[in-house]
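Dear colleague,

Please find below the structure that I am handing over to you. My findings on its pockets, its cavity and one of its strands follow directly after it.

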Amino acid sequence: MKSKSLISISDFSKEEILQLLDRAKEFEKEPIQRILENYVIATLFFEPSTRTRLSFESAVSRLGGKIISFTDSMTSSVQKGESLKDTIKTVCSYSDLIVMRHPREGSARFASEVASVPVINAGDGANQHPTQCLLDLYSIFKTQKRLDDLNIMMVGDLKYGRTVHSLVIAMCHFNTTFHLVSPTELKLPGSVKVHIKDKNLKYYQYTDIVEAIPKADIIYMTRIQKERFSDPIEYEKVKNSYILTAEMLYTIKPDMKVLHPLPRINEISEDVDELPQAYYFNQAINGIYVRQALLANILGV
Amino acid sequence: MTKMLRRELKVSAIENGTVIDHIPSKSLFQVVRILNLEDLDNQILIGANLDSQKYGKKGILKLSNKFFKSEEINKIALVAPTATIIVIKDFHIIEKSNVTIPDEVFRIVKCFNPNCITNQEKVKTRFTVVDKRNLRLQCHYCERITAKDNMTFI
Ligand SMILES: [Zn+2]
């Protein structure tokens, strides 16, 4: 996997995903391994995303690597009209790997084609955010002790939620049964469903949140955003129908866990936070192990 | 000056080369552009708005001493799926074939997604054809689908 960029979760085979999760497990056991002491990592955030940036920078620091970044004056050179290609080519001469977030879809793929160093996509517009997906996979793997043959329930905005799309596509490697809960307007798009159908996996669609809960090994919650609705009345109708509360969790599988890519608005009621099923705050730390594993694997150390 | 001569003008033969027949009239100049014929020094006969029994009006291109690789000629399938390719040697037709939709499309189509990097920076477009029958192209960069109805050519 040396010198390979990660742009989209579908760039990784099942074996590569499993190998990466195994490596993440090693970093969880021993988080401080100074194997990147001779490496410089550039974090290029063309739009802010504090959470993702901190996670990457923490991962690099735990590996002993150096981080270089934009300052405001550099961002302004981009605003002055320097092309993405020129910026990337310049940064390549300063660094061994680029972590990049950019508001345009496809920017990361393009950057990886012009860069002489590997590129990790930390989000390209509404398109892909593969390290979020890897951390979701790691959280599932860790809490269920396996990825195969699970019942994954996904709730909320399944139409626009890119974390949902990536997770569905990745879980299609593992004989998953999908329980898809959303308002009719926000159903999983056909372009993603085709991956489920290609593998002949089972999926069920619901508009009601409670029905699938007893079957779920994982409940993956997402936000429903007002701007996704053309009709505000429709939003008002559904906004409170997809909130997970503690009392809904009375019949559940023993190891069931609730995940959420965060930040949450109100879709998980606070009374769930205290339950052993609440796993969303633990996910952040998993993100660091996964990013450590990814950096180490890509740089071949 | 009868009907016959006029007919002959339309179909005047070439000795060696390629004839692209049954091009939809509205796509004729797109085909010229896709195949970069402006840059060609060979003799080219262009026939526009000719009567066609099958299609009403058609266009035709006759290119002397020009032969195409199939992946090159298949690029025109997006705008002229009905086109017939006729290869001529010594005034004889030695091969007649239809165009087929290619697996990948480079440069000629614009990505439908306005927020795609190909519409924001100088990046050449590239697509995988995910559905040949309904002509659905997946952008190599933003991964969105550009379908027949919202396809524009560069
Ligand atoms: Zn695109």
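Helix α8 of chain A gives the most to the lining of the largest pocket, namely 5 residues. Please bear in mind throughout that this is a predicted model. The pocket in question holds about 1,000 Å³ of space, and 33 residues line it. Those that lie nearest its centre are A:S191, B:Q138, B:E143, B:R144 and B:I145. At least two lining residues each come from α7 (162-171) and α8 (190-198) of chain A, and likewise from β8 (126-131) and β9 (136-139) of chain B. Within chain A, domain 1 (9-129 + 287-299) and domain 2 (130-284) each contribute at least three residues to the lining of this pocket. By class, the lining of the largest pocket comprises 12 nonpolar, 13 polar and 8 charged residues.

The second largest pocket encloses about 780 Å³. Its lining consists of 28 residues, and the closest to its centre are A:R162, A:T163, A:R223, A:P261 and A:L262. Which helix supplies the largest share of the lining of this second largest pocket? That helix is α10 of chain A, with 4 residues. The helices α2 (50-62), α6 (130-144), α7 and α10 (283-299) of chain A each provide at least two residues of the lining. For the second largest pocket, too, domain 1 (9-129 + 287-299) and domain 2 (130-284) of chain A each give at least three lining residues. The division by class is 8 nonpolar, 13 polar and 7 charged residues.

Turning to enclosed space, the count comes to 1 cavity of 30 Å³ or more. The volume of the largest cavity is about 30 Å³. Its lining is made up of A:H129, A:Q132, A:C133, A:R162, A:T163 and A:S166. Helices α6 and α7 of chain A are the elements that give two or more residues to this lining, and α7(A) has the largest share with 3 residues. In terms of class, the cavity lining has 1 nonpolar, 4 polar and 1 charged residue. Two of the names recur: A:R162 and A:T163 line the cavity and are also among the residues closest to the centre of the second largest pocket.

The remaining findings concern strand β8 of chain A, residues 218-221. Are its two faces buried or exposed? Both faces are covered, with A:I218 and A:Y220 buried on one side and A:I219 and A:M221 buried on the other. As background, side chains in a regular strand alternate between the two faces of the sheet.

Strand β8(A) has a parallel pairing with strand β5 (residues 151-155) of chain A, over 4 bridges. In that pairing, A:I219 of β8(A) stands opposite A:M153. Strand β8(A) also pairs in the parallel sense with strand β9 (residues 257-259) of chain A, here over 3 bridges. The bridge partner of A:Y220 in β9(A) is A:L259. Together with helix α9 (residues 232-238) of chain A, the strands β8(A) and β9(A) form a right-handed β-α-β unit.

Please note that the label β8 occurs in both chains: β8 of chain B (126-131) belongs to the lining of the largest pocket, whereas β8 of chain A spans residues 218-221.

With kind regards

How values were computed:
Residues numbered from 1 in each chain as written. Chains lettered and ligands numbered in written order. Predicted model: local features only at pLDDT ≥ 70, side-chain atom pairs only at ≥ 80, totals over all residues. Heavy atoms only, no water. Buried < 20%, exposed > 50% of the residue type's maximum accessible area, 1.4 Å probe, protein only. Pairing = 2+ DSSP bridges. Right-handed = clockwise from strand over helix to strand, strands pointing away. 1 Å grid on protein atoms, 1.4 Å probe; cavity = no way out; pocket = protein on both sides within 12 Å on 5 of 7 lines; lining within 4 Å. Points joined across faces, edges and corners; volume = space filled by probe spheres on them. Nonpolar A, V, L, I, M, F, W, Y, C, P; charged D, E, K, R; others polar. Domains from an automatic or database assignment.
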